[in-house]
Structures are given as structure tokens and as C-alpha cells.
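Colleague: Hi! Could you walk me through this model when you have a minute?
Modeller: Happy to, here it is.

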Amino acid sequence: MRSRTPDRLCAEAVELARAAAEEAARPGKVGDHVEVVADGDRVVTHYFLCEDPGYRGWRWAVTVARASRAKIITLDETVLLPGSDALLAPEWVPWSERLRPGDMGPGDLLPTDAEDLRLEPGFIGEETPPPNSAVSEEMAQLVEAEDADVTAGPPRDLPTAPRRGSISALAEELGMRRARVLSRYGLHTAADRWDESHGSKTPMAQAAPASCVSCGFLVPIGGSLGQAFGVCANEFGPADGHVVSLSYGCGGHSEAAVMPRPPRPAPPVIDETRVDVLSLREDDTAGTPESEDDLGHS
């Protein structure tokens, strides 16, 4: 059990505790003596303010003790501890959770967790279809006229492109011949992220004259996400090159304000039936030259 009353000799060893704190700290960084706390029988901890600007609210804790019936004080430990109003570092977060969009630079590598929920295995090269598949051996016997061939071996071992109707060809067409593809969870998180940045609830879309679904600058995308998203191709728009929701919109809509064509000037009118006589000299009142010399002929 801890004694509530600090040992008298240990409590009086303030200078010994200060010397120990000053030895551990930088010169001049140990402040005033704050309090004495009894940690047990003949065990006392002295607290001193820390004057280091980088450790605001921290305190130097120096623990001293003495043996039973002894008058010599022994130094136990010296440590820097945070106080109630200490400035503490934020809780450590793994790098994978600290990473934010835009943090990667040229040459950076971002390893993907093997158990990433956003991904799922793609086509692994297994050509044996399940029994209930439309291209299984049992079903193939029933539909011999169909062009649904099953190739042997993984796609990487095939000498030529897979034949039409094979599982390899279907995987190639659907983009499933990668090691991993987006899972349903990955698709949903991507859709939520894109809708949050370029969706119908953004201030730009709320003030837009029309939505992207009717804009001529919208480039459709394939897959299931193409039913709700596209890519903006308006170089003057705020979302140029970004995936936008079909319900998004901006002032750069192709049909929002169609500029009228500038008026074409009228063709010039030339009157070929009239001849205007012009004088070559200011004092020529006749309006016609008197000789060839007046025209500069030799």
C-alpha cells in the first residue's frame, strides 16, 4: 500500500532531484519545483516544470528513495512526463491510412494489400467451367451447333488468340484476364467518391442550367459504371478530364447558351455601267490629260 504522506528525507531532497533533471535535460530547461508525490514507503517523486518550447505542459519527474533506517537518498529514475495540459503528438496512424489522394509523386510505389476489399481475383486461367455453365461439357453436348469451345491451359500459354466463344475469349472481352479486378465494394466506393466530387449535390451542379447527361462534351464509359458516369471533355469546364456523374452539370454545357452565328456582311455592289473620271493633278480642271507626257509615258 502507498503511504499518503511523503517521506520527510526524500521530500527534502529537492536539490538532488533538480540536479538529476538538469543532467538529463538541456541546460536551463528545468523550471520551478511543482509538487512532491509519495509513490510508496520512502519512495517520492519530485516534479519540475519543463521550459523547453517543444514540450509545453510537460514536467520532469525525478523519483528518489531511501532504504529502511538509512539517511542516504538514492536516485531511482528521471523521466519527462506529460501534464494535464501537455501538448501531445497525435495518435500514430499507419501509412496506408494516412495516404490521401494526390500524395503520390513521380517514382513513388504504392503496394496494394493482398486482402484489399476493393479488389477480387480475375480470370485465373482455369478453363473447366462449372457444371451448370452454358459452356460445360454436358451443355456442349446438347448444343453442338453452338460456337462455344473450351480451350486448354491458361491464356498465357496459348500460342494464338483464343477462339471466339471460349472462356478465354470471353474473359479477354470483359477485361477479366488481369490478376485482380475491381470488386463490387471497390465499384461502390469509387462511385460514391466520384459522386461526392462531381455529383448532383455539388454547388456547381445545383447552379448548372442542365445536367451532363444531355451535354455534347460527355464521353461515355463502359462497364456498369457507365450507366451513371462519364468523362468530361470540355477543356474550359471545371471537370475537364474527370469522371462526372450524369446528373452533374456546369455552365459549360454544350446546349446551355448556344452562341448565334455572326452576321455575314453583304457582298459588295459594283456598278460596271458608270465610269468616274479622276484628275491626276489638282490644277487639272479639264479632268483629262492633255498629252502623253502628263501620264509619264516616254
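Below we talk through salt bridges, empty spaces and a few loop residues.

Modeller: A word on conventions: this is a predicted model, where local features need pLDDT of at least 70, side-chain atom pairs count only at pLDDT 80 or more, and totals for chains, interfaces and linings use all residues. Residues are numbered from 1 along each chain as its sequence is written, and side-chain values use heavy atoms, with hydrogens and water left out.

Colleague: Thanks! How many salt bridges does the structure hold?
Modeller: Three. A salt bridge here is a side-chain nitrogen of Lys or Arg within 4 Å of a carboxyl oxygen of Asp or Glu.

Colleague: Which residue forms a salt bridge with Asp 7?
Modeller: Arg 66, and the closest N and O atoms are 2.9 Å apart. The pair links distant parts of the chain, 59 residues apart: Asp 7 is in the segment before helix H1 (8-11), and Arg 66 is in the loop between strand S3 (58-65) and strand S4 (74-82). Helices (H or I, at least four residues) and strands (E, at least two) are DSSP runs, numbered from the N terminus.

Colleague: Are Asp 7 and Arg 66 buried or exposed?
Modeller: Both Asp 7 and Arg 66 are buried. The cut-offs are under 20% relative accessible area for buried, over 50% for exposed, and partly exposed in between (1.4 Å probe, protein chains only).

Colleague: And what about Arg 8?
Modeller: The side chain of Arg 8 meets that of Glu 12 in a salt bridge, at 3.5 Å from N to O. Arg 8 counts as exposed because its relative accessibility is 56%, and Glu 12 is exposed too, at 52%.

Colleague: Which side chain does Glu 35 meet in a salt bridge?
Modeller: That of Arg 59, at 2.9 Å from N to O. Arg 59 lies in strand S3 and Glu 35 in strand S1 (residues 30-40), so this pair ties together parts that are 24 residues apart in sequence. Glu 35 is partly exposed, with a relative accessible area of 32%.

Colleague: Switching to empty space: what volume does the largest cavity have?
Modeller: About 90 Å³. On a 1 Å grid over the protein atoms alone, a cavity is a set of points where a 1.4 Å probe fits but cannot get out, and a pocket is an open set with protein on both sides within 12 Å along at least five of seven lines; lining residues have an atom within 4 Å of a point. Grid points are joined across faces, edges and corners, and a volume is the space filled by probe spheres set on the points.

Colleague: Which residues lie nearest the centre of the largest cavity?
Modeller: Of its 13 lining residues, those are Cys 212, Cys 215, Phe 217, Cys 232 and Cys 250.

Colleague: How about the largest pocket?
Modeller: About 520 Å³ of space lies there. The lining has 15 residues, with Ser 96, Leu 99, Leu 110, Asp 116 and Arg 118 nearest the centre. Helix H3 (95-98) and helix H6 (184-197) are the elements that give two or more residues to that lining.

Colleague: Where is Leu 110?
Modeller: In the loop between H3 and strand S5 (119-121). Leu 110 counts as partly exposed because its relative accessible area is 42%.

Colleague: Any odd backbone angles to look at?
Modeller: Arg 69 has a positive phi, near 65 degrees, in a residue other than glycine. Arg 69 is in the loop between S3 and S4 and counts as exposed, at 86% relative accessibility.
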